Amino acid sequence: MTSSDARHIPVLGPEAVGLLAPRDGGVYVDGTFGAGGYTRLILQTPGSRVIAIDRDPTAIAGGAELVAEAGGRLTLVHDRFSNLADVCAGQGADKVDGVVMDIGVSSMQLDQAERGFSFRFDGPLDMRMGRDGPSAADVVARASETDLANIIYIFGEERYSRHVARAIVAARNEAPITTTKALADIVAKVVRAKPGEIHPATRTFQGLRIFVNEELDELHRALDAAERALKPGGRLAVVSFHSLEDRIVKTFLTARSKTGGGSRHLPELAQAAPSFTLLGKRPVVAGDAEVAANPRARSAKLRGAERTHAPAHPAGDLPGWPTLASVMRAGR
């Protein structure tokens, strides 16, 4: 299998689309189009329609051929998946039959050195999925040492975040940090890795990428949007790739599927009717064959739920972690 072929095979694709159970006449949302893997699988059901969303203009441009092949059953929209409810309404589909999301960076983005997502290639320190707004280089150049440490700790789960932030500030005082190699080399000097462990810069790169693209805030908003967009009986399938993402999905679905209200201590406490029913108690994970063919599948978890007739719950507040706007506004 070539790397190009692998990009079109979505992680846990058959399992995720199987949860959606596409049908003739159904309308489905692929919230993270990427290379179109999930969309292709959905369109294999005759008469199904897909509204596919991606914030990366490169992905939208790359999907033109699939749009032509779909014969009017596929609409591509350049937008953030947090806006999927509005996107669907704009396409004449106020309520849809299913939503699938593949969270995080795509293989295509990781494989393009000029996008600056990976230290496997030396390229500009960019990391922007949508090609707009501040880049990772901008954050590295302007964020305070405290903000850098918080970003790398919260979003990268790097326990040596303070050391990394201190090293970045010291290095940028000598020269701008503008390439992936330059940043990876700085981190490697303060984070040691034993043979066989992940590269010492892995968590720092993850933290910056998530922060630059506001990925976890986007996920919170996208789940709320999917709840509003799904019709009763409609299904949600979400594939996540690390604990931060999976924790958000699990917490959301657990809260939305909880039954009963109050307790013997607070019997008067009312609880909103469950808006989802879980499709399985445990997440679906990739089998050995898929992991062998695509190592990225090793950490993947698929969770699914079916929409009930209950009204959507009020959207919750976002966690109080650093935001891109506040950090860039504060500067250094």
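This is a short dialogue on reading the domains, a pocket and a cavity in a predicted model.

Me: Where do the domain bounds fall in this chain?

Reply: Bounds come from an automatic or database assignment. Here domain 1 takes 13–102 + 216–307, and domain 2 takes 111–213. Domain 1 is thus written as two segments, with the domain 2 range between them in numbering. The two centres, over C-alpha atoms, lie 30 Å apart.

Me: How do I read the interface? How many residues are in contact?

Reply: Start with contacts, then area, then chemistry. Twelve residues of domain 1 touch eleven of domain 2. Together the domains bury about 870 Å², with 46% of that on carbon and sulfur atoms.

Me: Which polar links cross the interface of domain 1 and domain 2?

Reply: Take each kind of link by its own rule. The salt-bridge rule finds zero across this interface. The polar-contact rule finds two residue pairs, both at pLDDT 80 or more.

Me: What lines the second largest pocket?

Reply: A pocket is open; its lining is read by residue and by class. In this case 13 residues line the second largest pocket, and Arg159, Tyr160, Arg192, Glu197 and Arg203 lie nearest its centre. By class the lining has six nonpolar, six charged and one polar residue. The space in this pocket is about 270 Å³.

Me: And cavities: how many of 30 Å³ or more does the structure hold?

Reply: In a cavity the probe fits but cannot get out. The structure holds one of 30 Å³ or more. The largest cavity has about 60 Å³ of space. Its lining includes Phe155, Ile210 and Phe211, then Glu214, Glu215, Leu216 and Asp217. Trp321, Pro322, Thr323 and Leu324 also line the largest cavity.

Terms used: Residues numbered from 1 in each chain as written. Predicted model: local features only at pLDDT ≥ 70, side-chain atom pairs only at ≥ 80, totals over all residues. Heavy atoms only, no water. 1 Å grid on protein atoms, 1.4 Å probe; cavity = no way out; pocket = protein on both sides within 12 Å on 5 of 7 lines; lining within 4 Å. Points joined across faces, edges and corners; volume = space filled by probe spheres on them. Nonpolar A, V, L, I, M, F, W, Y, C, P; charged D, E, K, R; others polar. Contact = heavy atoms within 4.5 Å. Buried area = accessible area lost by both parts, 1.4 Å probe. Salt bridge = Lys/Arg side-chain N within 4 Å of Asp/Glu carboxyl O. Polar contact = N/O pair within 3.5 Å; in protein donor to acceptor, adjacent residues only side chain to side chain.
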